[in-house]
Amino acid sequence: MSEIRPFEHPAPDGIAVRGFLHAPDSPSGDALILTHGAGANCQAPLLFALGRTFADAGITVLRCDLPFRQARPHGPPPRGSAERDQQGLHHAVDALRPLALGRIFLGAHSYGGRQSSMLAAAQPGLVDGLLLLSYPLHPPQRPTEMRTAHFPSLQTPSLFVSGSRDGFGTSEELADALKLIPARTQHVVVPSAGHELLSKRNAQDLPQNILQYFQSFFPKP
C-alpha cells in the first residue's frame, strides 16, 4: 500500500508544482512524474490508477497539473502555453529529486506526453526515461500534421503505450514515427482501446500491465 497526500512546490519564476504524491511504504528509490492530456487534470482516472499501482511497487509517483491547467480549470491549453508547460515539467523533476535516491522518469498522457518528450529532446539527461501514454502523433483525421519534429533529437529511452483504436495515430503510423528516434524505444499496443486507454473493460488489468512493461523496459541497474 502507499500513502497519497497533496503536494505543492513553489518556484522562483511563479510556475509552481501542484498535485498529489504517492509515497510507497517501501520505496525503491525510483520516481515517476505523471501528467495529463489537454482536456484533463492530474485526477484523471488513468493517472490515479497508475499512481497507485506504481507506488504499490515501490516507485514514488507525483501526479501534477501542468501550468495551463493550474491557470484555468477547464478547456484546452491556450496557444503559446507549451514553453510554460515544459518549464512546469522541469520544475516537477527538480521538486522530486530530493525524494528520489534513484532514477527519475517523466510519464504523461497525450498533450502532456508531447511536452515531456519535447523537454527531454531539448535537455538530454534531464530524466532517465519517458512513459508516453497515447502520444498524439497528429490531430484526428489530419495525418499529414505530424508532431514528430523533435523525434530525431530525442536521446531518452521511451516507452510508448497506445490504444489500437486511437484516432491520434494508428499503430502503424506510430511504429514508423519511432524509427526517427535515436534512443531505445518500445511501443505497446492496448487492444480495443481508444485515446483514453483506460476503460471499464480493461480497468482491472491495464495499470498492472503497464507497470510490467515499464519494469521490463527500464530494468533496475
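Q: Helices and strands are DSSP runs, numbered from the N terminus. In this predicted model, which element gives the most to the lining of the largest pocket?

A: Rolling a probe the size of a water molecule over the atoms shows where empty space is left. In this case, α4 is the main contributor to the lining of the largest pocket, with four residues.

Q: How much space lies in the largest pocket, and which residues lie nearest its centre?

A: The largest pocket holds about 620 Å³ of space. Its lining comprises 31 residues, and Gly37, Ala38, Pro77, Ser110 and Tyr111 lie nearest the centre. Two elements, α1 (45–56) and α4, give two or more residues to that lining. Sorted by class, the lining of the largest pocket has 17 nonpolar, 10 polar and four charged residues.

Q: What volume has the second largest pocket, and which residues are closest to its centre?

A: The volume of the second largest pocket is about 190 Å³. It is lined by 14 residues, of which Val189, Val190, Pro191, Leu206 and Asn209 are the closest to the centre. The elements that supply two or more lining residues are β8 (185–190) and α6 (206–217), and α6 provides the largest share, four residues. The classes in this second lining are nine nonpolar, four polar and one charged.

Q: How many cavities of 30 Å³ or more does the count give, and which residues line the largest cavity?

A: A cavity differs from a pocket in that the probe fits inside but cannot get out. The count gives one cavity of 30 Å³ or more, and the volume of the largest cavity is about 30 Å³. Its lining consists of Ala16, Val17, Cys64, Asp65, Leu66, Pro67, Gln70, Gly88 and Leu89. At least two lining residues come from each of β4, α2 (67–71) and α3. Six of the lining residues are nonpolar, two are polar and one is charged.

Q: How should one read the largest nonpolar core, and which residues have the most contacts inside it?

A: In soluble globular proteins, nonpolar side chains tend to be buried together. Here the largest nonpolar core has 35 residues, and Ile33, Leu62, Leu106 and Phe160 have the most contacts inside it. Two or more core residues come from each of β2 (17–24), β3 (31–35), β4 (60–65), α3 (82–96), β5 (104–109), α4 (111–122), β6 (129–133) and α5 (171–178). The largest share, five residues, is given by α3.

Q: Which residues does Ile33 touch, not counting residues up to four places away in sequence?

A: With those sequence neighbours left out, Ile33 touches Leu62, Cys64, Ala92, Val93, Leu96, Ile104, Phe105, Leu106 and Gly107. Another core lies apart from the largest one and has 24 residues, including Leu46, Leu159, Leu206 and Phe218.

Q: What span should the 15 residues of α3 have, and which residues of α3 are buried?

A: An α-helix has 3.6 residues a turn, so residues three or four places apart point the same way. At 1.5 Å a residue, α3 should span 21 Å, and its end C-alpha atoms are indeed 21 Å apart. The buried residues of α3 are Asp85, Gln86, Gly88, Leu89, His91, Ala92, Val93, Ala95 and Leu96. For α1, with 12 residues, the reach from first to last C-alpha is 17 Å, close to the expected 16 Å. Buried in α1 are Leu46, Leu47, Ala49, Leu50, Gly51, Thr53, Phe54 and Ala55. Gly58, just after α1, takes a positive phi of about 100°.

Q: Where is Gln141 found, and is Gln141 buried or exposed?

A: Most residues other than glycine have a negative phi, and most peptide bonds are trans. Gln141, however, has a positive phi, near 65°. Gln141 is located in the loop between β6 and β7 (158–163). Gln141 counts as exposed because its relative accessibility is 77%, and the cut-off for exposed is over 50%.

Q: What is the phi of Ser192, and where is the place of Ser192?

A: Ser192 is not a glycine, yet its phi is positive, at about 65°. Ser192 sits in the loop between β8 and α6. With 37% relative accessibility, Ser192 counts as partly exposed.

Q: Which residues does Ser164 touch, not counting residues up to four places away in sequence?

A: Ser164 lies in the loop between β7 and α5 and is partly exposed, at a relative accessible area of 37%. Beyond those sequence neighbours, Ser164 touches Ser171, Val189, Val190, Pro191, Ser192 and Ala193. Ser164 and Val189 are 25 residues apart in sequence, while their C-alpha atoms are 5.9 Å apart in space.

Definitions and conventions:
Residues numbered from 1 in each chain as written. Predicted model: local features only at pLDDT ≥ 70, side-chain atom pairs only at ≥ 80, totals over all residues. Heavy atoms only, no water. Core = buried A, V, L, I, M, F, W, Y, C linked by side-chain atoms within 4.5 Å. Buried < 20%, exposed > 50% of the residue type's maximum accessible area, 1.4 Å probe, protein only. Contact = heavy atoms within 4.5 Å. 1 Å grid on protein atoms, 1.4 Å probe; cavity = no way out; pocket = protein on both sides within 12 Å on 5 of 7 lines; lining within 4 Å. Points joined across faces, edges and corners; volume = space filled by probe spheres on them. Nonpolar A, V, L, I, M, F, W, Y, C, P; charged D, E, K, R; others polar. Expected span 1.5 Å × (residues − 1).
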